[in-house]
Amino acid sequence: QVQVVESGGGLVQPGGSLRLSCAASGSIFMINSMGWYRQAPGKQRELVARITSGGSTNAADYVKGRFTISRDNAKNTVYLQMNSLKPEDTAVYYCNAHITYRSGTTYRASEYWGQGTQVTVSS
């Protein structure tokens, strides 16, 4: 059993900052990659940023220079530091993880989604 849980969302004024956290727990052998996605009302889900187990990252053009993704492998946690927030950043932010986990005597690789955390940027 593996769980992925996001936290840190909330209401912030334009230009403000938030830090999102995503923690994976369970019989984890390895987190291959973790990423943040977001979905606004009437919009498709889109990639915000992603980081691999080796530390390589990629991010959407519209967040480069404002958002930073980081990880703590020992804690099975990924962070998204969001600065200079804009109203168009308002969305539900989801954590996605590709995880290899132990199931009895075997190992399995699966994809997991968190429940989402709401980020609202408004004055």
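This report describes strand pairing, the nonpolar core, a buried arginine and the salt bridges of a predicted model.

## Strand S11 and its partners

Strand S11 covers residues 117–121, and its side chains alternate between two faces. Thr117, Val119 and Val121 point to one face and are buried, whereas Gln118 and Thr120 point to the other and are not.

Two strands pair with S11 in opposite senses: S2 (residues 10–12) runs parallel to S11, with three bridges, while S9 (residues 91–103) runs antiparallel to S11, also with three bridges. Val119 takes part in both pairings, standing opposite Gly10 and serving as the bridge partner of Ala91.

## The nonpolar core

The largest nonpolar core holds 31 residues, and those that touch the most other members are Trp36, Leu80, Met82, Tyr93 and Ile99. Two or more residues each come from strands S1 (2–7), S3 (18–26), S4 (28–39), S5, S7 (67–72), S8 (77–82), S9 and S11. The largest share, six residues, is given by S9. In soluble globular proteins, nonpolar side chains tend to be buried together.

Met82 is part of strand S8. Met82 counts as buried because its relative accessibility is 0%, below the 20% cut-off. Beyond its neighbours within four places in sequence, Met82 is in contact with Gly16, Ser17, Leu18, Leu20, Arg66, Phe67, Tyr93 and Val119. The C-alpha atom of Met82 lies 6.7 Å from that of Thr68, a residue 14 places away along the chain. For Ile99, the contacts outside four places in sequence include Val2, Val4, Ala24, Ile28 and Met30. Arg108, Ala109, Ser110 and Tyr112 are also among the residues that Ile99 touches.

## A buried arginine without a salt bridge

Arg50 belongs to strand S5 (residues 46–52). Arg50 is buried and has no salt bridge; Glu111, the nearest side chain of opposite charge, is 5.5 Å away.

The side chain of Arg50 does make polar contacts with two other side chains, that of Ser33 at 3.0 Å and that of His98 at 2.9 Å. Apart from neighbours within four places in sequence, the residues in contact with Arg50 include Met34, Gly35, Tyr37, Ser56, Thr57, Asn58, Ile69 and Asn96.

## Salt bridges

The whole structure contains four salt bridges. Side chains of opposite charge can pair when their charged atoms come close. In one of these pairs, the closest N and O atoms of Arg38 and Asp89 are 2.9 Å apart. This pair links distant parts of the chain, as Arg38 is in strand S4 and Asp89 is in the loop between S8 and S9, 51 residues apart. Arg38 and Asp89 are both buried.

Asp89 also forms a salt bridge with Arg66, with the closest N and O atoms 2.8 Å apart. Here too, distant parts of the chain are linked: Arg66 is in the loop between S6 (57–59) and S7, 23 residues from Asp89. Asp89 counts as buried because its relative accessibility is 1%, and Arg66 is buried because its relative accessible area is 10%. Through shared partners, salt bridges join Arg38, Glu46, Arg66 and Asp89 into one network.

A further salt bridge connects Lys64 with Asp61, where the closest N and O atoms are 3.2 Å apart. In contrast to the buried pair of Arg38 and Asp89, both Lys64 and Asp61 are exposed.

Conventions: Residues are numbered from 1 along each chain as its sequence is written. This is a predicted model: local features need pLDDT of at least 70, side-chain atom pairs count only at pLDDT 80 or more; totals for chains, interfaces and linings use all residues. Side-chain values use heavy atoms; hydrogens and water are left out. Buried means under 20% relative accessible area, exposed over 50%, partly exposed in between (1.4 Å probe, protein chains only). Helices (H or I, at least four residues) and strands (E, at least two) are DSSP runs, numbered from the N terminus. Two strands pair if DSSP finds at least two bridges between them. Lys and Arg count as positive and Asp and Glu as negative; His and the chain ends are not counted. A polar contact is a pair of N or O atoms within 3.5 Å; within protein, one must be able to donate a hydrogen and the other to accept it, and residues adjacent in sequence count only if both atoms are side-chain atoms. Contact means heavy atoms within 4.5 Å. A nonpolar core is a set of buried Ala, Val, Leu, Ile, Met, Phe, Trp, Tyr and Cys residues joined through side-chain atoms within 4.5 Å.
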